Number of protein chains: 2
Amino acid sequence: METTHRTEQQRSADQRRRELLEAADRVVLRDGPQASMNAIAAEAGITKPILYRHFGDKGGLYRALATRHTDALLANLRSALDAPADRRRRVEATLDTYLAAIEARPQVYRFLMHPSEETGGGQQPEHGFDTGRHSAPVLRRMGEELARVIAERVDLGPDSEVLARVWGHGIVGMMHAAGDWWLGERPCTRAELVRGLADLLWGRLERVDDRVDSPGF
Amino acid sequence: METTHRTEQQRSADQRRRELLEAADRVVLRDGPQASMNAIAAEAGITKPILYRHFGDKGGLYRALATRHTDALLANLRSALDAPADRRRRVEATLDTYLAAIEARPQVYRFLMHPSEETGGGQQPEHGFDTGRHSAPVLRRMGEELARVIAERVDLGPDSEVLARVWGHGIVGMMHAAGDWWLGERPCTRAELVRGLADLLWGRLERVDDRVDSPGF
DNA sequence: GACTGCGGTTACCGCAAGTAACATGCAGGG
DNA sequence: CCCTGCATGTTACTTGCGGTAACCGCAGTC
């Protein structure tokens, strides 16, 4: 019975954890990333210490939530990136998938991109110079993923390892910043944005003509 | 005498404000963005309520600080963008200027990119769906600036207004994300990173060959 | 029937943002 | 000379949140 008991307990604990995450999700969706632990606990119908038993601290809960959403988003992007079509089409499909995701659930997007709080897991002693860790993990993961795909699929010559990662993170950052701006101002349709970004990646910057009345860009 | 008195008061108040900002700068540089108002007040040799009289709330102080640094950075970027050289050289110079800045003062960089806290200035009633405002203002300003330069100097055909802004924000995002990753992992020299990003913008993505053993990217 | 493990709660600590109310120093005006 | 006005500064408080300690009750087990 010991084993049965254990697994049953385990299953129940995991299920509980999932329920708590669902509740937290609802609250974050409603109140934004500054949702308090009290509010989340209340939504789940329990009290704070239980949350802490499950997730350690607020950062832990947020990381668990973020991981779920990030995994889902990455799965979507992967499938767009793996679709059977020519390269340009796939790039456009991937951009569109990302933009559609942030358009559909902006609160989730905002939560994922929020690096805030997170004293950082005990870097109290160091107290400074821990730069480069403030960007949202989802961006890092997307960048690495894209780097892998680039390195796998195209031939960049010598230094392709590093170059692929530069491009991966750069492209992801481009997509992110443009998407964020677009979501705030809505200056054009999604398709137009996709087209513009794909054009940028496709070297139109090189081929574009100078204006006759300017020193060139 | 009224006027003399007023202006004198004003000048003194402005000077005081500058001193307070200097102090805040030192503390943020030392403690990171989570520097407390108490700590800043102490550094300035005074107490909290004075800070609140000058800046309203923490967000106000942070905004004032951020504006100072952002202005300085933008001035540097502008001069790189205006240097007399061909387009590729100027793009590389601008990238290098940005990367050199974040390399030289990573704490400042981290502070500027930190959108955190900031309940947002009275959007309590709206309570949600205010997406697109979480990105650091410095990125938005850089994006708009670059958009202006692009729109001024090159001919993008119809829809050049919107397209220039798409590109501006996209390129800035690329620079930011790549820089952030680079600063954290230091996988190559600054010059190599600049080269890689400039190559990406220069259309190498289009011309690069597929690997023989892959379905292409 | 006492023992133990687990899900749960109340009640607290520490700390930071923000504020109210009080003190002090210094113009000018009767 | 004293009183008023006003800016500057302080102490001492409130509120709210992250995080924790200590206690509660109820399975099941020997």
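Here's a walk through this predicted model, starting with chain A and ending at DNA strand C.

Let's begin with the overall build of chain A. You'll find 10 helices and two strands there. If you trace the chain from the N terminus, you pass through seven helices, then a strand, then three more helices, and you finish on a strand. Of the 217 residues in chain A, 49% are buried. Now think about who touches whom: among contacts in chain A with a separation of 6 or more, 62% link residues that sit 24 or more positions apart. As for the outside, chain A exposes about 10,700 Å², and 50% of that comes from carbon and sulfur atoms.

Next, zoom in on residues 36-55 of chain A. An unreviewed UniProt entry annotates this stretch as "DNA-binding region". In the model, the stretch is 80% helix and 0% strand, with its end C-alpha atoms 14 Å apart.

So what surrounds DNA strand C? There are 15 residues around it, and the closest are Thr47(A), Arg53(A), Lys48(B), Tyr52(B) and Lys58(B). Of the DNA strand C atoms that come within 4 Å of the protein, 49% belong to sugar and phosphate.

Some of these neighbours are worth a closer look. The side chain of Arg53(A) has an N or O atom 2.5 Å from a base nitrogen of the strand. For Lys48(B), a side-chain N or O atom is 2.6 Å from a base oxygen. Lys58(B) goes for the backbone instead: a side-chain N or O atom lies 2.4 Å from a phosphate oxygen. Which elements give two or more residues to this surface? They are α1 (2-31) and α3 (48-55) of chain A, along with α3 (48-55) of chain B. By class, the surface near DNA strand C has six nonpolar, three polar and six charged residues.

Conventions. Residues are numbered from 1 along each chain as its sequence is written. Chains are lettered from A and ligands numbered from 1 in the order in which they are written. This is a predicted model: local features need pLDDT of at least 70, side-chain atom pairs count only at pLDDT 80 or more; totals for chains, interfaces and linings use all residues. Side-chain values use heavy atoms; hydrogens and water are left out. Helices (H or I, at least four residues) and strands (E, at least two) are DSSP runs, numbered from the N terminus. Buried means under 20% relative accessible area, exposed over 50%, partly exposed in between (1.4 Å probe, protein chains only). Contact means heavy atoms within 4.5 Å. Accessible areas come from the Shrake-Rupley method with a 1.4 Å probe; for residues, only the protein chains shown count as cover. UniProt positions are given in the numbering used here, feature names are shortened, and annotations may be inferred rather than shown by experiment. A residue is near a molecule or strand if one of its heavy atoms lies within 4 Å of it. A polar contact is a pair of N or O atoms within 3.5 Å; within protein, one must be able to donate a hydrogen and the other to accept it, and residues adjacent in sequence count only if both atoms are side-chain atoms. Ala, Val, Leu, Ile, Met, Phe, Trp, Tyr, Cys and Pro count as nonpolar, Asp, Glu, Lys and Arg as charged, and the others, Gly among them, as polar.
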